[in-house]
Amino acid sequence: MNPSSKSRRAAGVLIGIAPLVLGMALATPSAATPPSDGPEVAANQPVSAQASASRDVISSDNIEQVAHLPKQAPFDTVDAVGTDIAFQGDHAFVGNYDGFVVYDIKHPKKPRIVSQVLCPGGQGDVSISGDLLFVSTDYPRSNDTCTSEATDSADPNGWEGMKVFDVSDPAKPRYVSSIPTACGSHTHTLVPDKAGESVYLYISSYGPSEKFPKCQPPHDKISIVEVPLADPANPVLVDAPVLFPDGGNPGTPTVSQTSGCHDITVFPEKDLAAGACMGDGVLFDISDRTAPRVINQVRDDENFAFWHSATFNNDGSKVVFTDELGGGAAATCNAETGPQRGANGVYDIVGSGADAKLEFRSYYKIPRHQADTENCVAHNGSLIPVEGRDIMVQAWYQGGVSVWDFTDSDNPHEIGFFDRTTFDEGSLQLAGSWSAYYYNGYIYSSGIQEGLDVLDIRDHRTNPAKKVRFEEFNPQTQPVYGRR
C-alpha cells in the first residue's frame, strides 16, 4: 500500500486493551468504534466487510478454493485492513491495520483463528523468527502501547516503529518490546545474522516532510534494527544507512520521487537483496548484514510509477519487481491503463559480485480486465517451489490471485487464477487480495476485507511443489529449495 502522504494519518481515538488478545472460536459483530487512520477509500457508505463473503468466486479449472474464513470481530470493519502473512509450522500470522491474527492451518481445509491481538498502528507488516513475531507500526501513535491513540506526523511526541511479540504460545501472544524508527515502519524484512545469535530488521519507510519532526527529508535511507535472540526485550538501532547519497529518482508527474524504500527482499544464500524503492529498483550486496551496499540501480520512467516489492527466482538469477500504480487504491487493470503499467517487471541478474546488473526482460500483468470499481494492481507474492522452473503466485487486490510462469524471462504467462466479483459495484472501495503466498502445499491469500482464503492448485507444472516443506517462511526472506 502506498499512502501518498503521512499528513493524513491523523485524528480519532482507537479503543483497545494493551494488547487485547481475543480467542476466536465463535464471534459476534463488533460494536467497537472503527479506526479512523486506515487507507483512504471513497467517501460514501461502504459495503460491510462481512458482505464480501457472499460474492461469487471465479477461477481457472486448476485452482480450487478449499477454505474461506471471513474477518472476525473486532477486525470485521472495512478499516481493519488485512495485510501481510508470515508462516511457522502449523500457524499463519496475518497482519492487520489494527494488529494481527493468528490462524491454525494444521488442516488447511479447516483453518481456525486461535488468537487476535488488537494493537492499532497501520500496515501491520509481519515476520517471524522462532518465538518472536515482529510487527510494523506506520501510523503515528501517542505512544508505543496497544492502547495508544492516533496522532499525526507533525506531533513531536508521536511514535512509529517496530513492535516485538512473543508467540511461543500462539493462543496468548505477549508484547515484549518496541523501538522507534524514522518515518515509522511501512514494511520490514527479517535478515538472519550469520552467527545465528540475532536477527536484523531492514525497515523501509518514506514520506518525509519538513513538517514532520521524526520524518525529515531527504530520508534516502533505511533503518537497521538488531534484535538479540537471547534478549529480545532490548532491540537496538545499529545504523540508518543512506542508500542514495546523490538522491534517488527525482520523480516526474507520473513517477514517484525516491525518498526511501517501500520494501526489500533478501536472498541470504547469495548475500543479495533487491529493493523496491519508490522510483528505483535496487540490487544490494548484504554480505555485511549491517552495511548493505548498492551494487546496481535501475529505473523505468516510462511504465513504472512506484517500485513496490521484489521477488527473486530460486537460483538468484532473476528479480521480479512490482509496480503499484495508483497506490493500490485505483482501478488500473483495464484497457485504458494497458498491459505494461501497474504490472510486474522481470529482470535478469547478469554478472556477479560487484559487477552484477539488473537487465530488463519483460512485463507481466494479469490478462483479465477488471471493472472500474475494482482496485487492481500488482502486489505481494512468492515463488511456488518447483525445481527447475520459475513460477510465482501473486496478489492483485480485486484482480484476485494469479499464478504465472516466468521461466522464460521474455515470455511470462499465466497458468491459473482465482478471483471474486466486485466488492461494491456502485463505487470503488479498497478490497481484494493483499498478499498471496504458497506454503507447504497450498496458497494462502490475505484479503483486505475478505479474511483468509486457502486455495489448492493442481497442475502438472506445480504439483512437484507439494513435496516441499518449510518450518518457517517469511516471503521477503527467501529460502532456497531443491538442487541449485
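Buried means under 20% relative accessible area, exposed over 50%, and partly exposed in between (1.4 Å probe, protein chains only). By that rule Ser362 counts as buried, because its relative accessibility is 7%. This is a predicted model, in which local features need pLDDT of at least 70, side-chain atom pairs count only at pLDDT 80 or more, and totals for chains, interfaces and linings use all residues. Residues are numbered from 1 along each chain as its sequence is written, and side-chain values use heavy atoms, with hydrogens and water left out.

**Ser362**

- Ser362 sits in strand 23 (residues 357–364); strands (E, at least two residues) and helices (H or I, at least four) are DSSP runs, numbered from the N terminus.
- Its side chain makes a polar contact with the backbone oxygen of Ser409 at 2.4 Å. A polar contact is a pair of N or O atoms within 3.5 Å; within protein, one must be able to donate a hydrogen and the other to accept it, and residues adjacent in sequence count only if both atoms are side-chain atoms.
- Beyond its neighbours within four places in sequence, Ser362 contacts (heavy atoms within 4.5 Å) Asn344, Gly345, Val346, Ser409, Asp410 and Pro412.

**Strands 16 and 17**

- Strand 16 (residues 263–267) is largely enclosed by the rest of the structure, because five of its five residues are buried.
- Asp263, Thr265 and Phe267 point one way from strand 16, while Ile264 and Val266 point the other way.
- Strand 16 pairs with strand 17 (residues 272–277) in the antiparallel sense, over five bridges. Two strands pair if DSSP finds at least two bridges between them.
- Asp263 has Ala276 of strand 17 as its bridge partner.
- The two strands form a hairpin with four residues between them. Asp271, in the turn, has a positive phi of about 55 degrees.

**Salt bridges**

- A salt bridge is a side-chain nitrogen of Lys or Arg within 4 Å of a carboxyl oxygen of Asp or Glu. The count by this rule is 16.
- Arg55 and Glu450 form one of them, at 2.8 Å from N to O. The pair links distant parts of the chain, 395 residues apart. Arg55 is in the loop between strand 1 (20–22) and strand 2 (57–59), and Glu450 in the loop between strand 29 (442–447) and strand 30 (451–457).
- Arg55 counts as buried at 11% relative accessibility, and Glu450 counts as buried at 3%.
- Arg289 and Asp271 also meet in a salt bridge, at 2.8 Å from N to O. Arg289 lies in the loop between strand 18 (280–285) and strand 19 (293–298), and Asp271 in the loop between strand 16 and strand 17, so the pair ties together parts 18 residues apart in sequence. Both Arg289 and Asp271 are buried.
- Arg361 and Asp348 meet at 2.9 Å, N to O. Arg361 lies in strand 23 and Asp348 in strand 22 (residues 344–350), so this salt bridge ties together parts 13 residues apart in sequence.
- Arg361 is partly exposed at 29% relative accessible area, whereas Asp348 is buried at 15%.
- Lys194, Asp271 and Arg289 are joined into one network by salt bridges that share partners.

**Lys106**

- Lys106 is in the loop between strand 6 (99–104) and strand 7 (112–118). It counts as exposed, with 54% relative accessibility.
- Lys106 and Ala92 are 14 residues apart in sequence, and their C-alpha atoms are 9.7 Å apart in space.
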